[in-house]
Amino acid sequence: MSTRLIDFSLTRPVLVYWLLAIMTFGVGALIMNIKVDTDPENMLSADEPARVFHNQVKENFLLSDIIVVGAVAKNDASIFNQASLTDLKILSDYVLSIDGVKTSDVNSLSTIDNIEQAGEGTIRFEWMMNTAPESQSEATAIGKKAERLPFVVNSLVSGDEKAATIYVPIIDKNESYRISNQISEKVKSLSNANQYYITGLPVAEDTFGVQMFVQMGISAPAAALVIYLLMLYFFKSAKLVVAPMIVAMATVITIMGAMIGMGHTVHIMSSMIPIFLMPIAVVDSVHIMSEFADLYKPGKCPKATIKEVTSHLYQPMLFTSITSSAGFFSLALTPIPPVQVFGIFVGMGMLLAFILTIIFIPAYISRMSEEQLHNMQRKLFSNGHSNSTIAKILPFWGKFSLKNAKLIILAAFSVAVISIMGLYKIQINDNPIRWFKSDHDIRVADRVLNDHFAGTYDAHLVFSFKGQSDLFNVWKADIESALQVSDISEENKTQIRAFFIKDNIVTPAQSFTLMLDDMAFEDESGATGYDDLLAITDVYAAKNKVFTQPAKLAYIEKLQEYLLTTGLVGKSNSVVDLIKTVNRELRSGDSADYVIPETANGVSQTLLQFQSSHRPQDLWHFVTPSYDQTLIWLQLTSGDNQDMAEVVELVDKYLADNPVAGDIEVNWAGKAYLNLIWQDKMVSGMFDSLTSSFVIVFLMMAFLFRSVIFGLLAMLPLTITILFMYGMIGWIGKYYDMPIAVLSALTLGLSVDFAIHFIERTRAIYAETGDWKETINHMFKEPARAITRNALVIALGFTPLLLAPLVPYITVGAFLATIMAVSALVTIVLLPASMHVLKGFIFKDDAAK
Amino acid sequence: MFNSGYMKKTVLMTLMIIFTGAMNVFAEENISAEELVKKASLSAYYGGNDGRTMARMKIVDANGREQLRQFTILRKDIEEGGEQRFLVVFSRPADVSGTVFMVHKKVTGDDDRWLYLPALDLVKRISAGDKRTSFVGAHYFYEDVSGRATTEDTHQIVGQDEKFYILEHKPKSAESVEFASYKTWIDKSNHLPMKIEYYDNNGKAYRLIEALKVEMVQNIPTVMDAKVTNLVDNSYTLMAFRKMQYDIGVPEDVFTERALRNPPAQWLKGQ
């Protein structure tokens, strides 16, 4: 197989070039179909129950994605001053005129209703701020009204009255960038009374999408440049190092084309594919070029040399490509679709890069002129010795590890123990807002608004009544027994009974009542039986309207009080707050009347009044029109998953201690909760992926080396590296977040490469020489050089990610660079030390051969 | 060969020409917009000297979910085209049964409005002021139920066809209403406003009121089915009137604050 591929490459180089060009441009053209996806929700698959429920809740309660515009009065003034409110009114009016805004749900001081006492026995419904205040006293009066409404305080107006918000619900969240830009433009034309902040998830997502392209447009080419310069430094031949760059480019373009062509969107994960493949794709070439540069001597036939080198390296390169890609393929085991796509395509990219290296590099080198190769040789070696710093240092390193073998093993052991202690300190946490740098506008807005208000992070605790079918059956039976003794005509009875046979009766009591009303109206027989049936149906209807029942509402009220005591929830809003506010104003306006009415009818009549406002539809954001589902909207000041997790835990405990009566289910929805769910999936998914790839890689090693002990040795450097990295995260207290989680599996696949090359070459040389000392001497020349060069290529190749505008990329860049450096170091120090200690044992078989 | 569709169309066209020709005899030449608006108001809100009707409202939200309201409306005109009394008594859903809403409509100045909530045993006056709030959660406003004073807008005839006068209305006080303008299609034969379309500041139509069915009740053309549509999200409210009766002779003392707690059963139930 290997020789046939190499022969093909050497005999048909032009054909190889053509095939490569056709594949790259053919598949690469599919990149034109690119679709960007920045929705963090897509971290969960579309049929994930938590996500399905969340979207159901969004639909049931007519909830939109919201842009939050915050206005903070300048000079530490109260927002209730004439200039600030005038600007707010102008801006709010402008928002209503923007296309794509769901105008009926825009919330600001000038779009909401006020309900209040207007003298003895009189109630008033009016716009809170229909026109801009014409004097300071009018502005102050608006403040006085606002502070009486629980829905406004700390949501639309800050508790310290220094800031106000406009909630801008948008119809299509892909329009949020345009809409927020329009708002920013309008802000410039306002007087200078307020400072404005624009945030909200849709804005964050859109901005994220833009910056993702920046990352791909800057970091990936920068990585290519770094790798090129590094290889140029290693090999001193611009012409030669173009070859691996071609392999890398062809790999990246083909894989991205294939991914996009297969209909996958470019998500935060897959946007990192180019920068991952770039350094990985050149490592095999670096091995070939490294050894070629060492073996080729002027006068020798380059073709013969490259053939010798390539067939020689074929096996370790194949092994490393397979094991590394196995590490990435294991990401397919995570339950997170974008991570699966990332793993699969990077894995395929590695295999593709291997094949391209084997067929393209020999073809390319064989077509280089003797003169070019001589030049390279002259620069690389003077007096027959290698000039590079690496070449000078490495032999010392080899001697050092043999001399201090036991000390090194002890040190590695100690590092492992300390790291394991660190693992227990790991804190799992993430927060998509923190994906932006701390000085980013969105982060600033987030800080300011959460400082003034009760929180801009949403979670919904949803109460759903589940006893509908039981109630239906009781009602049906009651109607039947009433019909038995009724004076209604047989013909009408048949029609009434037929009602119960119909499927999918959405609001059975309503339609049944209508039917009976009509029937009674048409019936000229004077039958009175209809009233009984209507009475039975009224009882049934009342039982279905669960969340008009005072006891249920009182339970929600208590739970809301409890939520405030947790210190994690800035504020919670529910239909109960609505009912109590209207009830207070209907009765006296005194806080003593800020209570739930005593009967369900009282609640319904109170809500009928709420619905007589300018914004009756607001009710349906808190309870469904059938009153069988309701929600508490929690405002959290922190978007940290850790905090959301604690709220969930506390609520679970509360529900266990105070079980909710009746057939009611309680579930979570909301963005903050969804983030928590995908984080959980990520953590457990990554752990599964890590353990399974660990086992798979070990089995492959044991099989490839035909030796369990060598298999274990091969796993040693990466085990120490992973322990060290994660132990360090625990010790320094960095949160274990999305990028950190993803890194675990990547590390494994990449760092095993060094060990494979080291062991494979050691064994090959030992088999030739039969002497351990000589083997090690030899190992720390060319093979160790190749490994070190590769470690540098990969480590430095990831550093352009540090330039990225988004934090996850920076984390990935910093950690991967460190991981590569550490694992290379561990490989060339710990492996020889371990083999030295075990040499009598492990080389016994080989020597016997 | 004639197909039947063609035949039907031809017959219909012929009938229409004859019919509209006849109509034109009665069409008012040079009628002013103000006069038309007054006539429309009389047709829509002042049929007979008093009246009673059962009404059923179906409120359908953007998700297609329905709510029902059923109530009886009693009306008495104190003066034709002038002061009026309304009593709205709810019967369904059962949990709001007995809720009463009363209006003393004035020609000049603000209307007086009252509310009675039986479960809270509470009579409340509703402050004068904004009448463009929702009527118990429907897409109708209170003002749509009792009628907007013709003096609040300026009126202009902007067109007509065989069947309708088309009027455009602009509010005299723009900040007191949510619309920038509205148009009315007034039926030439009976002066009933058959369609009203509301426009926002961008000139975009966002709200539509339509008369779906008109019947003669005691020789008075009366809207029996009507619909309000929110053109933004396509939610709507259907209103259907039944047992409509004019000139039942209801006395004025039925429309007093005292009567709120004990709605006059004899006048509410039809025979």
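Here a biologist and a modeller talk through a predicted model of two chains, A and B.

Biologist: Let's start with the overall picture of chain A. What does its secondary structure come to, and how many of its residues count as buried?

Modeller: Chain A comes to 29 helices and 13 strands. Of its 849 residues, 49% count as buried. Its C-alpha atoms fill a box of roughly 115 × 70 × 55 Å along the principal axes. Among contacts between residues at least 6 apart in sequence, 82% join residues at least 24 apart.

Biologist: And what are the matching values for chain B?

Modeller: Chain B has five helices and 13 strands. Of its 271 residues, 35% count as buried. For contacts between residues at least 6 apart in sequence, 44% join residues at least 24 apart.

Biologist: Now a pair of helices in chain A. Why are α23(A) and α24(A) called roughly perpendicular?

Modeller: Helix α23 (residues 641–657) and helix α24 (residues 671–705) of chain A pack at an angle of about 100 degrees. Angles of 65 to 115 degrees count as roughly perpendicular, so α23(A) is roughly perpendicular to α24(A). Their axes are 9 Å apart.

Biologist: Which residues meet there?

Modeller: From α23(A) come A:Asn641, A:Met644, A:Ala645 and A:Val648, and they meet A:Ala672, A:Tyr673, A:Asn675, A:Leu676 and A:Gln679 in α24(A). By class, the contact has six nonpolar, three polar and no charged residues.

Biologist: What makes β4(A) and β5(A) edge strands?

Modeller: Each pairs on one side only. The open sheet has three strands in the order β4-β1-β5 of chain A, with antiparallel pairing, and its twist averages 20 degrees from one strand to the next. Strand β1 (residues 65–73) of chain A pairs with β4(A) over eight bridges, and A:Ile67 stands opposite A:Val168 in β4(A).

Biologist: Which helices lie across that sheet?

Modeller: Helix α4 (residues 82–97) of chain A lies across β1, β4 and β5 of chain A, at about 0 degrees to β4(A). Angles under 35 degrees count as roughly parallel, so α4(A) is roughly parallel to β4(A). Helix α7 (residues 201–235) of chain A also lies across these strands, at about 105 degrees to β1(A). That value falls within 65 to 115 degrees, so α7(A) is roughly perpendicular to β1(A).

Biologist: A:Val168 came up in β4(A). Which residues touch the most other members of the largest nonpolar core?

Modeller: A:Val168 does, along with A:Val247, A:Leu277 and A:Met278, in a core of 289 residues. The largest share, 17 residues, comes from helix α11 (residues 337–366) of chain A. Leaving aside neighbours within four places in sequence, A:Met278 has contacts that include A:Ala220, A:Ile227, A:Val252 and A:Gly797. A second, separate core of 10 residues includes A:Leu471 and A:Leu516.

Biologist: Turning to where the chains meet, how many residues does each one give?

Modeller: The contact takes 32 residues from chain B and 39 from chain A. The largest share of the chain B side, four residues, comes from β6(B). That side has 13 nonpolar, 10 polar and nine charged residues.

Biologist: How do you know that β6(B) pairs with a strand of chain A?

Modeller: Two strands pair if there are at least two bridges between them. Strand β3 (residues 122–127) of chain A and β6(B) have two bridges, in the parallel sense, so they count as paired. In β6(B), B:Arg125 is the bridge partner of A:Thr122.

Biologist: What about pairing within chain B?

Modeller: Strand β5 (residues 112–117) of chain B pairs with β6(B) in the antiparallel sense over five bridges. There B:Arg125 is the bridge partner of B:Trp114. The hairpin has four residues between the strands, and B:Asp121 takes a positive phi near 45 degrees.

Biologist: Which side chains of β6(B) are buried?

Modeller: B:Leu122, B:Lys124 and B:Ile126 point to one face and are buried, while B:Val123 and B:Arg125 point to the other and are not.

Biologist: Last one: why is B:Gln84 called buried?

Modeller: B:Gln84 has 23 other C-beta atoms within 10 Å, and the cut-off is 20 or more, so it counts as buried. B:Gln84 is found in strand β3 (residues 84–92) of chain B. Beyond four places in sequence, B:Gln84 touches B:Arg75, B:Lys76, B:Asp77, B:Ile78 and B:Lys105.

Definitions and conventions
Residues are numbered from 1 along each chain as its sequence is written. Chains are lettered from A and ligands numbered from 1 in the order in which they are written. This is a predicted model: local features need pLDDT of at least 70, side-chain atom pairs count only at pLDDT 80 or more; totals for chains, interfaces and linings use all residues. Axes are lines fitted to C-alpha atoms, for helices over the stretch in contact, and angles run from 0 to 180 degrees between N-to-C directions. Angles under 35 degrees count as roughly parallel, over 145 as roughly antiparallel, 65 to 115 as roughly perpendicular and the rest as oblique. Two residues are in contact if their C-beta atoms, placed from the backbone, lie within 7 Å. Ala, Val, Leu, Ile, Met, Phe, Trp, Tyr, Cys and Pro count as nonpolar, Asp, Glu, Lys and Arg as charged, and the others, Gly among them, as polar. A residue is buried if 20 or more other C-beta atoms lie within 10 Å of its own, exposed if 12 or fewer, and partly exposed in between; C-beta atoms are placed from the backbone. A nonpolar core is a set of buried Ala, Val, Leu, Ile, Met, Phe, Trp, Tyr and Cys residues joined through C-beta atoms within 7 Å.
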